[in-house]
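The exercises below are meant to be worked with the sequence and the coordinates open side by side. Each task is followed by a solution that proceeds step by step.

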Amino acid sequence: MLVRFWGTRGSLPVAPHADVALAKVARALVAAGGRRFADEAEAAKFARAELDFATYGAFGGATPCVEIEADEDAFAICDMGSGLRDFGLSATRRCAEGHPRVYHFFLSHLHWDHIMGFPFFRPAYETGARIVIHTGHADAEAALRRQQEAISFPVPFDELKAHIEFIVHRPEESFEAAGMEVSLVRQSHARGSFGYRFDRPGKAVVYSTDAEHKPEDMDLEEDVEAFFANADLVICDTMYSLGEAVSLKQDLGHSSNVVAVDLCHSAGARRLALFHHEPSYSDADIQRMHEETLRYEEAVRGERPRLEVLCAYDGLEVSL
Ligand SMILES: [Zn+2]
Ligand SMILES: [Zn+2]
């Protein structure tokens, strides 16, 4: 299985201002200390080896969209945030090389940051493409139709050329899709959200975003632990650091890095991807949170095997 992150930011797409790039270039030049490079490739090699990710790279600003590549017959995509536009362009290129035009979507919920990419999803405009939208929300179709009403968007939903179907699932019923066994669980969030678990023989990925796990209610999290059990990768909503989650941001429907580590440790998961980054956080802020999370994981690990903590960014690929 291969997991590709097309959008990792929460709530609102963000793009850096000009002064952000300038600060990165200035930091890199100071770090290079007058060193000379034969060409850009050599300079890029230096940057990767010597600079931190927040300086040479960026976490990106597209809202949630994660592809899970498990099967050659169909695409599998979690959520339709603004990252979906880039996925659509990539998929169009892959289909030109022979990939079947079948798309299975798994919607966590219907908040705007998780559906806003669909009107810009090019395959939806193609005759012959098949789109299956799996959801736990009975009103998913209404939400997608509404965002393409004339007051908001120039092309109505009914003019999309692809064959589009909606399948509403119940949390207790698992199903087969895109070559995987899929199960979903209800999560605490405004109007409810659903986490998905994708199993193939010997491999499992969990996509669990927009879910609030309150630190004082960890005893109630046994269902979540069972859902995360022995997963190779858990993609988890870690919008806030614990300090913020218990003070300023309580009851906003999101979770902290610390709670995600605790749940993954209890569940025996192997990797955690921090996800749904707060839109006001800079690259340096997100990197700092990642470093804090690594230190926390090490401090509380005890006798358990190491939980590898990744920090998701737009463009990250994780192979399992
Ligand atoms: Zn969200
Ligand atoms: Zn939400």
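**Exercise 1.** Determine the strand order of the open sheet that contains β6 and β14, and state which strands stand at its edges.

*Solution.* In this predicted model, the open sheet is built from seven strands in the order β6-β5-β4-β3-β2-β1-β14, and its pairing is mixed. The edges are taken by β6 and by β14 (residues 317–319), each of which has a single partner strand, so one side of each is left without a neighbour in the sheet. From one strand to the next, the twist averages 20°.

The mixed pairing can then be followed through individual strand pairs. Strand β1 (residues 2–7) and strand β2 (residues 65–69) run antiparallel and are joined by five bridges, and within β2 it is glutamate 67 that stands opposite arginine 4. By contrast, strand β3 (residues 75–78) runs parallel to β4, with four bridges between them.

**Exercise 2.** Is strand β4 largely enclosed or largely open, and which strands pair with β4?

*Solution.* Begin with burial, for which a residue needs 20 or more other C-beta atoms within 10 Å of its own. Four of the five residues of β4 (residues 102–106) are buried, so this strand is largely enclosed by the rest of the structure.

Next, take the partners of β4 in turn. With β3 there are four bridges in the parallel sense, and the bridge partner of isoleucine 77 is phenylalanine 105 in β4. With strand β5 (residues 130–135) the pairing is again parallel and extends over five bridges, where tyrosine 103 has isoleucine 131 of β5 as its bridge partner.

Finally, trace the connection between β3 and β4: together with helix α4 (residues 84–96), these two strands make a right-handed β-α-β unit.

**Exercise 3.** Classify arginine 122 and histidine 163 as buried, partly exposed or exposed, and identify their contacts beyond the sequence neighbourhood.

*Solution.* Arginine 122 is placed in the loop between β4 and β5. There are 15 other C-beta atoms within 10 Å, and the residue is therefore partly exposed. Once neighbours within four places in sequence are set aside, arginine 122 is in contact with Gly88, Leu89 and Thr92.

Histidine 163 belongs to strand β6 (residues 163–168). With 13 C-beta neighbours inside 10 Å, histidine 163 also counts as partly exposed. Apart from neighbours within four places in sequence, its contacts are Arg130 and Ile131. Between the C-alpha atoms of histidine 163 and glutamate 126, which are 37 residues apart in sequence, the distance is 8.9 Å.

**Exercise 4.** Describe the sheet that runs from β7 to β13, and state how helices α8 and α9 are placed with respect to its strands.

*Solution.* Seven strands form this open sheet in the order β7-β8-β9-β10-β11-β12-β13, with mixed pairing. Its edge strands are β7 (175–177) and β13 (308–311), each pairing on one side only. Neighbouring strands are turned against each other by 25° on average when direction is ignored.

Helix α8 (residues 257–267) packs on this sheet and touches β11, β12 (271–275) and β13, its direction making about 160° with that of β12. Helix α9 (residues 283–300) lies across β12 and β13, and runs at about 175° to β13.

The strand pairs can now be added. Strand β10 (residues 203–208) is joined in parallel to strand β11 (residues 233–237) by four bridges, and β11 pairs with β12, likewise in the parallel sense, over four bridges. Valine 234 of β11 stands opposite valine 206, and it also stands opposite leucine 272 in β12. Four bridges connect β12 to β13 in parallel, and β12, α9 and β13 make a right-handed β-α-β unit.

**Exercise 5.** Which residues of the largest nonpolar core touch the most other members, and which element gives the most to this core?

*Solution.* The largest nonpolar core has 74 residues, and those touching the most other members are Val205, Phe228, Val234, Ile235, Cys264 and Leu272. The element that gives the most to this core is α8, with seven residues. As for valine 205, its contacts outside the four nearest places in sequence include Met1, Val3, Ile68, Phe198 and Leu320.

Note on methods: Residues numbered from 1 in each chain as written. Chains lettered and ligands numbered in written order. Predicted model: local features only at pLDDT ≥ 70, side-chain atom pairs only at ≥ 80, totals over all residues. Buried ≥ 20, exposed ≤ 12 C-beta atoms within 10 Å, placed from the backbone. Pairing = 2+ DSSP bridges. Right-handed = clockwise from strand over helix to strand, strands pointing away. Axes fitted to C-alpha atoms, helices over the stretch in contact; angles between N-to-C directions. Contact = placed C-beta atoms within 7 Å. Core = buried A, V, L, I, M, F, W, Y, C linked by C-beta atoms within 7 Å.
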